[in-house]
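Please walk me through this structure, one step at a time. I am new to it and would like short, plain explanations.

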Amino acid sequence: MEFTGTDETTRQRVARSILTNGPSTAAALAERLDLTPAAVRRHLDQLLDEGRVVARDPRPGGSRGRGRPAKEFALTETGRDGFDQQYDDLAADALRFLAETGGDDAVREFARRRATFVEERFDTVMADHPDLGPAHVLAKVFSDEGYAASVRESPVGEQLCQQHCPVSHVAHEFPQLCEEETAAISRVLDRHVQRLATIAHGDGVCTTCIPDTPTKKEQVTT
């Protein structure tokens, strides 16, 4: 996403805030960016016209005041295109070549090796941030890799939400990338997890369900 001038720089801040924090109301963006609501709405109108964001009703379950709840603004696929995806074509071509010469096993091994950052970083981040729970540690690990991850509570446990995926365009063609990330998450948490949604398949957020169930080690000690 290319911007020039002061207005465009501010518009980029608005877009990046949505990328990092997920779908947001104009009021939330104004507070987060220390802008006036009128200024935020002007930039949102421009982003809407460009097809970079969409306005939608808020997720159910949030706190509501009187009257109709404020619209939330979410990035579209076009809006994400400008963030860290300039090498998508090259990466896709490389994986196609790998698939043609080495088959699915070679692609799977590449995806598995790429996902090793989850296991390599998890224990270190956990040790550096003993106040964080495992899901929040994972969110930091993924955020450090450019995924803009956060954690939400769910009726059955927690959800790891990734507002951005640096490899979403490539993962659309090669889902092994998503599958091996999910497998790595399951291994570090020592429990079954489930991908509920992925940006690569058109969803607004990559969402992984982390059920609130005891690990095998916890079951042995109880």
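β3 and β4 pair in the antiparallel sense, over six bridges. In this predicted model, the two strands form a hairpin, with two residues between them. One facing pair joins R152 to Q159, the latter in β4.

The hairpin belongs to a wider arrangement. Four strands make up an open sheet, and their order is β3-β4-β6-β5. The pairing is antiparallel. Two strands stand at the edges: β3, residues 149-154, and β5, residues 194-197. Each of these has a single partner strand, so one side of each is left without a neighbour in the sheet. From one strand to the next, the twist averages 30°.

Now follow the order across. β4 pairs with β6 in the antiparallel sense, and six bridges link them. Here C161 has T207 in β6 as its bridge partner. Next comes the pairing of β5 with β6, which covers residues 206-211. That pairing is antiparallel too, over three bridges. T207 in β6 appears again here, standing opposite A197.

A helix lies against these strands. Helix α9, residues 176-189, packs on the sheet. The helix touches β4, β5 and β6. Its direction makes about 135° with that of β5.

How enclosed is β4 by the rest of the structure? Five of its six residues are buried, so β4 is largely enclosed. C161 has a relative accessibility of 0% and therefore counts as buried.

Cysteines deserve a look of their own. How many disulfides are there? The count comes to zero. A disulfide needs two cysteine sulfur atoms within 2.5 Å. For C161, the nearest cysteine sulfur is that of C206, 9.6 Å away. For C206, the nearest is that of C165, at 5.0 Å. Neither C161 nor C206 is in a disulfide. C206 is buried as well, with a relative accessible area of 2%.

Turn next to helix α7, which spans residues 134-144. Which of its residues are buried? They are A135, V137, L138, A139, V141 and F142. What covers them includes helix α6, residues 116-128, and helix α9. The cover also includes the strands β3, β4 and β6. After α7 comes G146, whose phi is positive, near 95°.

Several of these elements meet again around a pocket. The second largest pocket has a volume of about 210 Å³. It is lined by 13 residues. Closest to its centre are P134, E158, L189, R191 and I210. Which elements give two or more residues to this lining? They are α6, α7, β4, α9 and β6.

One last stop is helix α5, residues 88-114, where D89 is found. Is D89 buried or exposed? Its relative accessibility is 63%, so D89 counts as exposed. The cut-off for exposed is over 50%. D89 also lies 8.0 Å from V170, C-alpha to C-alpha. In sequence, D89 and V170 are 81 residues apart.

Conventions:
Residues numbered from 1 in each chain as written. Predicted model: local features only at pLDDT ≥ 70, side-chain atom pairs only at ≥ 80, totals over all residues. Heavy atoms only, no water. Pairing = 2+ DSSP bridges. Axes fitted to C-alpha atoms, helices over the stretch in contact; angles between N-to-C directions. Contact = heavy atoms within 4.5 Å. Buried < 20%, exposed > 50% of the residue type's maximum accessible area, 1.4 Å probe, protein only. 1 Å grid on protein atoms, 1.4 Å probe; cavity = no way out; pocket = protein on both sides within 12 Å on 5 of 7 lines; lining within 4 Å. Points joined across faces, edges and corners; volume = space filled by probe spheres on them.
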